Amino acid sequence: MRISEVFATIQGEGILSGVPSLFIRVSGCNLRCVWCDTPYTSWTPDGEDWSLERILEWVDGFPRYRHVVLTGGEPMLFPESVELTHALRDRRLHITVETAGTVWQNVACDLMSVSPKLANSTPTLRDGGRWAAVHNRLRLNADVLKALTSAFEFQLKFVVSDQADLEEVRSIRRLVGAPAERVLLMPEGVTPESSAANAAWLVEICKEEGYRFCPRLHVLLYGNRRGV
Ligand code: SF4
């Protein structure tokens, strides 16, 4: 499968924030979020083909790490993710799959980290608007969201940029019947400064509605860089 990067770091987002984890980032995505923080896996996908054996050999080089994160791009686009995740399960590793929740694959997974894309992700003004209609048609798939959150332990992560996003968050939460503490709100922004601008009011929403506030630890620690 086409791999953009692999790296060992701490998980920066979600309920496993701070846990040392191995990241396997596939290249390729069916969406084109306007604020995508990994455009090298979506708008301009890079990387090279890795065999399953090569990926597992890399994982085996970090015996102290017990958590693996399969991320992207969109790892659920690729049938190879099924065999990879089952091989990771055979190694008794904890597997998180990070997905936008638009595609189903029969993966092995301990935490399905679903990040549904809200209207704020639509690339209306980017690339001449060429991707906007496709993105909007694909970005929410109710059947897949319900299947993923029924089949796996899950968290729902949302990138929020303004108050108007919250009605969409509530409606997706109702759709899948998620308890509030499984919903994590992240302030939009790829730098500590831009995230902070959205953080203050978002914390207040979390206090009122019982959601988890989710800073992006890796952005705070390392800034907007690859491989961290
Ligand atoms: S789903 Fe994720 S990888 Fe794909 S364009 Fe959106 S933010 Fe980028």
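A nonpolar core is a set of buried Ala, Val, Leu, Ile, Met, Phe, Trp, Tyr and Cys residues joined through side-chain atoms within 4.5 Å. Buried means under 20% relative accessible area, exposed over 50%, partly exposed in between (1.4 Å probe, protein chains only).

The model is predicted: local features need pLDDT of at least 70, side-chain atom pairs count only at pLDDT 80 or more, and totals for chains, interfaces and linings use all residues. Residues are numbered from 1 along each chain as its sequence is written, and side-chain values use heavy atoms, with hydrogens and water left out.

**Exercise 1. Find the residues of the largest nonpolar core that touch the most other members.**

Step 1. The largest core has 48 residues. Ile-24, Leu-84, Met-112, Phe-158 and Leu-185 touch the most other members.

Step 2. Helix α1 (residues 52-60) supplies the largest share of this core, five residues. Helices (H or I, at least four residues) and strands (E, at least two) are DSSP runs, numbered from the N terminus.

Step 3. Take Ile-24, leaving aside neighbours within four places in sequence. Its contacts (heavy atoms within 4.5 Å) include Ile-55, Trp-58 and Val-59, as well as Leu-84.

Step 4. Another core, of nine residues, lies apart from the largest one. Among its members are Cys-33, Cys-36, Val-159 and Met-186.

**Exercise 2. Determine how many disulfides the structure holds.**

Step 1. Apply the cut-off: a pair of cysteine sulfur atoms within 2.5 Å.

Step 2. The count is zero.

Step 3. Check two cysteines for burial. Cys-33 has 7% relative accessibility, so it counts as buried. Cys-36 is also buried, because its relative accessible area is 17%.

**Exercise 3. Place strand β7 (residues 154-160) in its surroundings.**

Step 1. Seven of its seven residues are buried. Phe-154, Leu-156, Phe-158 and Val-160 cover one side; Gln-155, Lys-157 and Val-159 lie on the other.

Step 2. Strands pair if DSSP finds at least two bridges between them. β6 (residues 111-114) runs parallel to β7, with three bridges. Here Ser-113 stands opposite Gln-155.

Step 3. β8 (residues 183-187) is also parallel to β7, through five bridges. Phe-158 faces Leu-185 there.

Step 4. β7, helix α5 (residues 165-176) and β8 form a right-handed β-α-β unit. Right-handed means that, with the strands pointing away from the viewer, the path from the first strand over the helix to the second runs clockwise.
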